[in-house]
Amino acid sequence: MAQEVTRRRFVFQTLGVIGGATVAGDLLPLLAEAAKHKQMLRVAIERDFETLRPELSAGDTVNILRRLIYTTPILWGTKQRPDGSLIYDADSIEMVLAAAYKVSEDRQLIEFTLRPNAKFANGDPINTQALKESYAWFLGVKGSGQLRVNGLPSADRIEVVDDVTVRLHLDRPVAWGLIGNALLSSSSIIHAREVMKHATADDPYGAKWLETKTVESGPFVIETWQKGTMMSLVPNPHAFQPATLERIILQVVPDPSTRRIVLERGDVDFAVQIATKDIADLRKVSGVKVISYPSARGWWLGMTWNKAPFNNIHFRRAMAWAMPYETLLQVVTQGLAERSRSCVPNNISGYVGDYWPYETDLAQAREELAQAHVPEGFAVTVPVYAGDLFDEEATVLIKESLAQLGIKLTLQKMPISQKRTLLTQKQVDMAVYDWRPWVPDAGYFIYWNWLPDSFTNYWSYNNPEAQTLGHEAITMAVGSPERHATLRRFQEIVNGDIGLVPLFTQFDNIVMRENVQGYVYYPDTVPVLAKMSLG
Amino acid sequence: MGLFSHAARRLVLIMPTLLGASFMIFVLTMLIPGDPALMRLGNFATAEQLRQLREEMGLTKPLHTRYVLYLSGLLRGDMGRSWRTGNLVLDDLRVRLPVSLELGMCSMLLAIALGIPVGVWGAASKDSLIDYGGKVYGILGVAMPLFWGGLVLVYVFYFKLGIAPPPTGRIDMLVSPPKHLTGSYLLDSLLTGDMEALVSSAAHLVLPVITLAFVTGASIARMTYTSMRRVLASQFIVVGHAYGVSPRAIVYKFALKNALMPVVTLIGLQVGFLIGGVVLVEVVFSLPGIGRYAVESLLVNDFAPVQGFVLLVLVVYLLVNLLVDLLYGVLNPQVRHG
C-alpha cells in the first residue's frame, strides 16, 4: 500500500538523502582508497575522446586512448635515466605486434614478422592480411596521409608474404621510415574488414561507424563509455601481452585546478596537463610524484617573409637581440624549460646549437633596427591563443621588450582554432607559437616546417640552398656523418637568416601518485597506460 | 481570451521566432573565424588532406546551400552532426540536457527556498539584523563570480575538510550509474531503487547546486525584498493594519502574493540561465552538461553543436516565458490574457 506523503515524512526523507550524501563524502574516498589496492588506474584527462578514429590527431586524449585500444607493429625502446625514471630510447625498438623486423640496406624495404597468436578483441586473427587491410584503410580514407609522406603511397606496395611476414616497399628512402610506417597513428591496427561492413555510398570507408564503435586490437578494450564523463577499459581477453592493470578509468576533469586537487587527494592516480605554475608546489606534496623531462616542444617567435619590414634581415636580427630570453625562462616557464639556439628544437637528433649568437641586448637591437629603417611608432598586431598561459605571457613580455625599441605590439586574443587557421593561411605577420615533432629527428621537423610546401611553414621561408639541404636530409640515413653535416649546414643557413627566433624548449612535467609505476616518457608525450601498474 | 487559446496563440508565434533565430544563429556561427577541418587534422597534415577533409565536412559548399541544408535538416529534427564527438547533435544534447536540467532545477529550488524567505523577512523587519544580513547576502551573491565560488567550495569542503566527494562528475567512479530512464541520476536512481547511485549522485550535486543557488538566490532575494517593500507601503496594507489584521497575515497572506509577480518573472529568466549558462560550474565540477558541450565545441569550430545548443536554449527561454505569462493569470486574476 502506498504511504501517505506527510510534511513530517517528507522532511525526514529529505534530511535522510542530505545526510546520506554527506556521509558519502566520507565513505566514497574510503571506497576509493580500498580500490587502490587493486590494479585499477584512475586517470584524470582534460576532455572527452572526440572519436575512436585513430587517423585523426584531434587531441592528446584521443592519442592516449589510441595507444590503449589499437596496437602498432613497434614502439620506441625504453631506457632508464639516472634518477630511475624511464624514457624512450631512440636507438632501440620494442616489438609489439611485430616479433621481428628487417630494413633493407637501401631503406626502401621494411619487413615485419608478426606474432602468430595476435587477435582482435572479437577473436579474429591479426595476421598480415589484417595489417594490410588496416593500412589500406588509412591510405584510402579522406584526411589521412601520414603513410604517404613516409614513403608508402598506396596499398599495392604492401606485400603479404605469408600469414606472419609482410613487406612494405617504400617509394623512396625516408630517414624515419620505420617509425613513420610502424609506430605513428596511421600504423594503429584497426579491424578494417569489420569497419568496412559499415561503409555506405556517402561514407565508403565506414568512418562514421568508427567514430563511436570499434573492434580493439590493443591491450585494452572499452568496457563503458559515459559520454563527456568517463571511460572504463579492461584488458583485452585476446591480448598477446598480458596487462598488470585490471581496469583503467579515464575520468574527464576539464579544469586543470580540479585535476590537481583530485590528484593531491588521491582520487586519481595520474593526471594529464597539469599547469606549469602548479609544478613547484606539487613537488612538495607527499604522495605525489613529479617527473620533468626535457622535451622537443619548442617555442618560437615567427615573422612573415612576405612583407617588409619583417623580411629585412636587420629587423629580424633586431628581434633576435630584443627577446627577453632569461625572463621568458624564469617568468613564463618558472624555470621548467631550457634555452633553444636553433631553428629545430632541442633534444632531437641533428640539433646543433652553435649558430645562434643572440642574447638579450637592446643596444644591439637598436643598432640593427636603425639599419632596417623601420618607421617610427611601427605597430604590429599579434594573435594570441587565449587560455594558453605560455603564449599569453611570452607575448606580453615580448611586447614590453619591443616597446623599449619603439615597436608597439597589439595583442589579439583568440581561440586556438582561429589562430591556427590564420597561421595556416599565412595571414600572420608575427606570433609566438609552439611545435613538437612526434619523431625526435631534425629532418622530420624540417619536413613539416621548413620546406616551401611544408604544411606548417607559416612564415613562407624560402632559401633554395637551405631547402635543398633539408630535402636531402629527409632521405639520408639517420646517424650517418653525411646527414649530420647536412643538418648542421642547414641550421647554419637558416639561423643566419633568422628563420625563426627560438625562445625556449619547455620541459614536460608528468604528475602521478607515488605508487604509480612503469611510466615511460615518449616523444609525443602520449603515456602508454597499459604499461603502468600500481605498487 | 481564455488561458488555453492564449497559450496556443503564443505557441504558434514561437515558430516564426525560431525560423528567424535559426537564420541568425547560422550566420553568426559561420562568421566565427577558423577552419574546423584544420582543427580536426592537427599539425601533421598536408594541403591535399586539408582540401579533402573540407570537402568531406561540406565546408566547400556555398553558404546559402549550407543554410538550406541546415534548415531542411532542422525541419526533419536533424540538427546536424558534431565532428568532435561523431554523433548527431540531437543525440548529444539528449544525453547532456538531463545533466543541465537536474543541476538547474535543483539549484532553482534551493535558490527559491533561500531567496524568497530572505527577501520577505528582510522587507518585513526593516533595519533589523535580518534586513542587513539579507542585504549583505544580496550584494555578495550578485558580485561573486560563479567559477570562484565553486572553486572555494571545492577547496574547503572537498580538499581541506574531505566531507564532499571529488568534483569529478555526476557519480563516483566506482559506482555504476542508475539504469537510464530519464537521464537524471537522482530521478532514475529513485525510480529504480538504486540507493548506492542515489547517495553518490546526490552527494556529487551538493556543491554545484549550492554554488549556483547561492548566486541565483541572491537575485531572487533582492527582487523579493524590493517588491515586498513596495507592496508593504501600499494603501491596502495600511488599511489592513488599521483593521487590526495580524502582521503575519499581512506579510504572508496579502503582501507576498502581490509581490510575487516580478519575482516569478525573474525566476523565469534565471531558469534559462541555469540550464544553459552555467558552463563554468560544469567545468569546475566536471559535469557533462550542454553548456560545456557548446563551449568545447565552439573552441574547436565545431559549429553544429553550437547551433543546436543556442536553438535549444532559445526554445527553453520561450517556453519558460510562456509559462511565466500563464502564471501571472494564476497569481493575480486581475491580469487578463489578451
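## Notebook: chains A and B

**Where the chains meet.** I began at the contact, which takes 56 residues from chain A and 55 residues from chain B. I kept in mind throughout that this is a predicted model. On the side of chain A that touches chain B, I listed the elements that each supply at least two residues: helices H1 (7-36), H4 (146-149), H7 (207-212), H8 (256-264) and H14 (416-424), along with strand S10 (247-252). Which of these gives the most? I found H1(A) there, with 12 residues. I then sorted this side of chain A by residue type and got 23 nonpolar, 21 polar and 12 charged.

**A closer look at H14(A).** Since H14(A) is on that list of suppliers, I asked which of its residues are buried. They are Ser417(A), Gln418(A), Lys419(A), Arg420(A), Thr421(A) and Thr424(A). Next I looked for what covers them, and the cover includes pieces of both chains. From chain A come strand S14 (379-385) and strand S15 (408-414), and from chain B helix H2 (36-41) and helix H13 (290-299). After the helix I stopped at Lys426(A), which has a positive phi, near 55°.

**The nonpolar core.** My next stop was the largest nonpolar core, which has 224 residues. Val43(A), Ile248(A) and Leu301(A) are the ones with the most contacts inside it. The element that gives the most to this core is in chain B: helix H9 (residues 195-232), with 22 residues. I picked Leu301(A) and noted its neighbours, leaving out residues up to four places away in sequence. Leu301(A) touches Met319(A), Met323(A), Ile398(A), Met430(A), Val432(A), Leu500(A), Val501(A) and Leu503(A).

**Chain A as a whole.** I counted 17 helices and 20 strands in chain A. Its radius of gyration is 26 Å, close to the 24 Å that the globule rule gives for 535 residues, so chain A is as compact as a globular protein of that length. Along the principal axes, its C-alpha atoms fill a box of roughly 95 × 70 × 50 Å. Of its 535 residues, 47% count as buried. For contacts in chain A with a separation of 6 or more, I noted that 69% come from residues 24 or more positions apart.

**One sheet in chain A.** I traced an open sheet of four strands, in the order S4-S5-S7-S6 (chain A), and the pairing is antiparallel. Which strands sit at the edges? They are S4 (98-103) and S6 (158-160) of chain A, each pairing on one side only. From one strand to the next the twist averages 20°. Helix H3 (residues 128-140) of chain A packs on this sheet, where H3 touches S5, S6 and S7 of chain A. The direction of H3 makes about 160° with that of S6(A). I also checked the pair formed by S5 (residues 109-114) and S7 (residues 165-169) of chain A: five bridges join these antiparallel strands. Within that pair, Thr113(A) has Thr165(A) of S7(A) as its bridge partner.

**Chain B as a whole.** What secondary structure does chain B have? I found 14 helices and zero strands. The C-alpha trace of chain B spans about 85 × 55 × 40 Å along its principal axes. Of the 338 residues of chain B, 45% count as buried. Taking contacts in chain B between residues at least 6 apart in sequence, I saw that 70% join residues at least 24 apart.

Methods
Residues numbered from 1 in each chain as written. Chains lettered and ligands numbered in written order. Predicted model: local features only at pLDDT ≥ 70, side-chain atom pairs only at ≥ 80, totals over all residues. Contact = placed C-beta atoms within 7 Å. Nonpolar A, V, L, I, M, F, W, Y, C, P; charged D, E, K, R; others polar. Core = buried A, V, L, I, M, F, W, Y, C linked by C-beta atoms within 7 Å. Buried ≥ 20, exposed ≤ 12 C-beta atoms within 10 Å, placed from the backbone. Rg over C-alpha atoms; globule rule 2.2 N^0.38 Å. Pairing = 2+ DSSP bridges. Axes fitted to C-alpha atoms, helices over the stretch in contact; angles between N-to-C directions.
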